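Q: Here is a model whose structural labels I would like to see justified one by one. Please set each value against the definition behind it before drawing a conclusion.

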Amino acid sequence: MPVSTNDNPAPDPIVPSAERLADTSAQTLRELGQANRLRQLQAVEPQGRTVRMDGRELLNLASNDYLGLSQHPKLIQAAVQATQRYGVGSGASRLVSGTHPIHEEVEQRFAKFKHAEAALLLATGYTANLAVLTTLAGSGDLIVMDKLVHASLIDAARASDAQLRTFPHLDLQRAEQLMQRHPTGRRFLVTDSVFSMDGDCADLPALCELADHYDASLIIDEAHGTGVLGPDGSGLASAQGVAERIYTCGTGGIVVSTASKALGSLGGIITAAKPIIDLIINKARPFIYSTAVPPAQVAAIGAALDVIRDEPERRERLAHLGSRLRQSLREAGWPIIDSTQPTPIVPLIVGDERTGLQLQAKLLDAGIFAPAIRPPTVAPGQCRVRLSLRTDLADNEIDRLINAVGLPAHVT
C-alpha cells in the first residue's frame, strides 16, 4: 500500500472492471446460434385457424387455442361488456381492492366445473403453480414429480425449500420407491395431466392410489386437459373417472388449470378444498403481491365455461382430428407417442436441432406454421416439431398437413 503523506488515507488501487455484460451476453448468443438453439421473437397476427406472418397467411399449428375460443363471439362480447362496465384494469391486488364481484362469481363457477369445493384465480398458470408449492411445501417435506412436468412446477418445487426428486416419465414404480425413502415430513406427488411436449397422459387413478398409500398430496397441472377432455370437458380427471376423488385422496389434492389454452383467455386457476384455497390466499406471495386479473379476462373465462357446456361438438371434433392425425402419421412411418386420450398435441420427434429447423422450414414452405421445439424446452436429442391441433381445422387442411410432413426419411 502507498504511504500517505497527509491525514487523508491513500486511495485503494483501481480494480479492473468486469467484462461488460452486453459483451458476455453477445458471446452467449453467438454460442446459442452455433448450436442451432438461438430463438427470436416472431410477430404473428392471429386470425383463428390461420396466422399472418411476414405478409403470408399460414395454417396455424402452433397455438394452444385448441377449441378456437379466443375468437369466439361470446368470449369477445363478454370481454367487451366487462371492459365497458369495469374498465381495462382491476386497480389493485386481490387482498386490497382488486377483488370484484365478477372474480367471485367465476371462481365459484370454475370450482363447480372442476368438481371442487373452492377455486382461486391468479394471473397465469405459472404463478398458480408457484403459489401452490411455495405455500404448501417447505423444509423437511418431499416433492416427487414426473421428470417431464412443466417448467413452472420444477421452478416452484425448487423455490419451496422442500426436497425435490424426479422419476422417469410415467414410471410410478420409481415414484413409489422415492416416497418409501422419506418416512418423515409431508409428501407431495406432482404431475401434469396431459404432458405439453409429448401429448400423452398421466394415470390419475393410479396416482390417487399411490397418494392414498403414502399419505401424499396429489398436485395435478391440468393446463392441457382442461376444456378438452372428459364428458363435461373439465379435464383428464373427469375422463379417467377421478374428478372428485383427486381432492380427497392421500392428504388432499390440488388441481391447477389455465384459461390460456382451450379456454382461449388468460389466467391460472387453483381448485381444492376451501381451507387449502384460504391458506393460499393468506400465504402465497405470487397471489398476495400481484395485481388482480382484469375483469375483461375474468368475463372471458366465464363465457368459455358456457361454450364448453353448450358446444360439446368442439371437443368431439378435436378428438377426431387427434385420432386421425396420429393414425395417418403412424401409417407414414412416424414414431408417434401413444396416448390414452386423443389429445391435440402430436409431436414429430426428429432428434437434433438442425433437423428440427429443417422440418420447420419444410412446413413453412407448405404454408404451415409449426415451429421447432429445441432445448431447453426439451432435452438434447429430443428436438421436435409439435403439432397443436384446433377444432376449426378442416379435413382437407389435415390432408395438406400430412402431405407436407411426408415420410420420416424425407427429413434430412
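Q: Which strands does helix H14 (residues 353-365) lie across, and at about what angle does it run to E14?
A: Helix H14 lies across E11, E13 and E14, and it runs at about 35° to E14. The helix and strand labels are DSSP runs numbered from the N terminus (H or I over at least four residues for a helix, E over at least two for a strand). Touching, here and below, means contact between heavy atoms within 4.5 Å, and the angle is taken between the N-to-C directions of lines fitted to C-alpha atoms, for helices over the stretch in contact, on a scale from 0 to 180 degrees. The model is a predicted one, in which local features need pLDDT of at least 70 and side-chain atom pairs count only at pLDDT 80 or more, whereas totals for chains, interfaces and linings use all residues. Residues are numbered from 1 along each chain as its sequence is written, and side-chain values use heavy atoms, with hydrogens and water left out.

Q: How do you know that E11 and strand E14 (residues 383-388) pair?
A: Two strands pair if DSSP finds at least two bridges between them, and E11 and E14 have six, in the antiparallel sense. One of the bridge partnerships links Ile 349 to Arg 384 in E14. The open sheet that results has three strands in the order E11-E14-E13, with antiparallel pairing.

Q: What makes E11 and strand E13 (372-373) edge strands?
A: Each of E11 and E13 pairs on one side only.

Q: In what order do the seven strands of the open sheet with mixed pairing lie?
A: The order is E4-E10-E9-E8-E7-E5-E6. Its edges are strand E4 (118-122) and strand E6 (163-167), each of which pairs on one side only. From one strand to the next the twist averages 20°.

Q: How many bridges join strand E5 (residues 142-146) to E6?
A: Five bridges join them, and the two strands run parallel, which satisfies the requirement for pairing. Among the bridge partners in E6 are Phe 167, opposite Asp 146, and Arg 165, opposite Val 144. Helix H6 (residues 151-159) packs on this sheet, where it touches E5, E6, strand E7 (187-192) and strand E8 (216-221), and its direction makes about 165° with that of E5.

Q: Why is the unit of E5, H6 and E6 given a handedness, and which one is it?
A: A crossover is right-handed if, with the strands pointing away from the viewer, the path from the first strand over the helix to the second runs clockwise. E5, H6 and E6 make a β-α-β unit that is right-handed.

Q: Why is Ala 284 called buried or exposed?
A: Buried means under 20% relative accessible area, exposed over 50%, and partly exposed in between, with a 1.4 Å probe and protein chains only. Ala 284 has 0% relative accessibility, so it counts as buried. The residue sits in the loop between helix H10 (274-283) and helix H11 (285-288), and, leaving aside residues up to four places away in sequence, Ala 284 touches Ala 131, Thr 135 and Leu 279. Its C-alpha and that of Thr 135 are 5.4 Å apart, although 149 residues separate the two along the chain.

Q: What places Thr 343 in its accessibility class?
A: At 0% relative accessibility, Thr 343 also counts as buried. Thr 343 lies in the loop between H13 and strand E11 (345-351), and the residues it touches, not counting those up to four places away in sequence, include Val 194, Cys 201 and Arg 326.

Q: How do you know whether the span of helix H12 (residues 295-310) fits what is expected?
A: The expected span is 1.5 Å times one less than the number of residues. For the 16 residues of H12 this gives 22 Å, and the helix reaches 23 Å from first C-alpha to last, which is close. H12 is mostly covered, with twelve of its 16 residues buried, and those buried residues pack against helix H2 (73-86), H4, E4 and helix H13 (313-331).

Q: Why is H5 described as enclosed?
A: Nine of the twelve residues of H5 are buried, so the helix is largely enclosed by the rest of the structure. Ala 131 and Thr 135 are among these buried residues.

Q: How many helices and strands does the protein have?
A: There are 15 helices and 14 strands. The radius of gyration is 24 Å, close to the 22 Å that the globule rule gives for 412 residues, so the protein is as compact as a globular protein of that length. That radius is taken over C-alpha atoms, and the rule is 2.2 Å times the number of residues to the power 0.38. Of the 412 residues, 51% count as buried.
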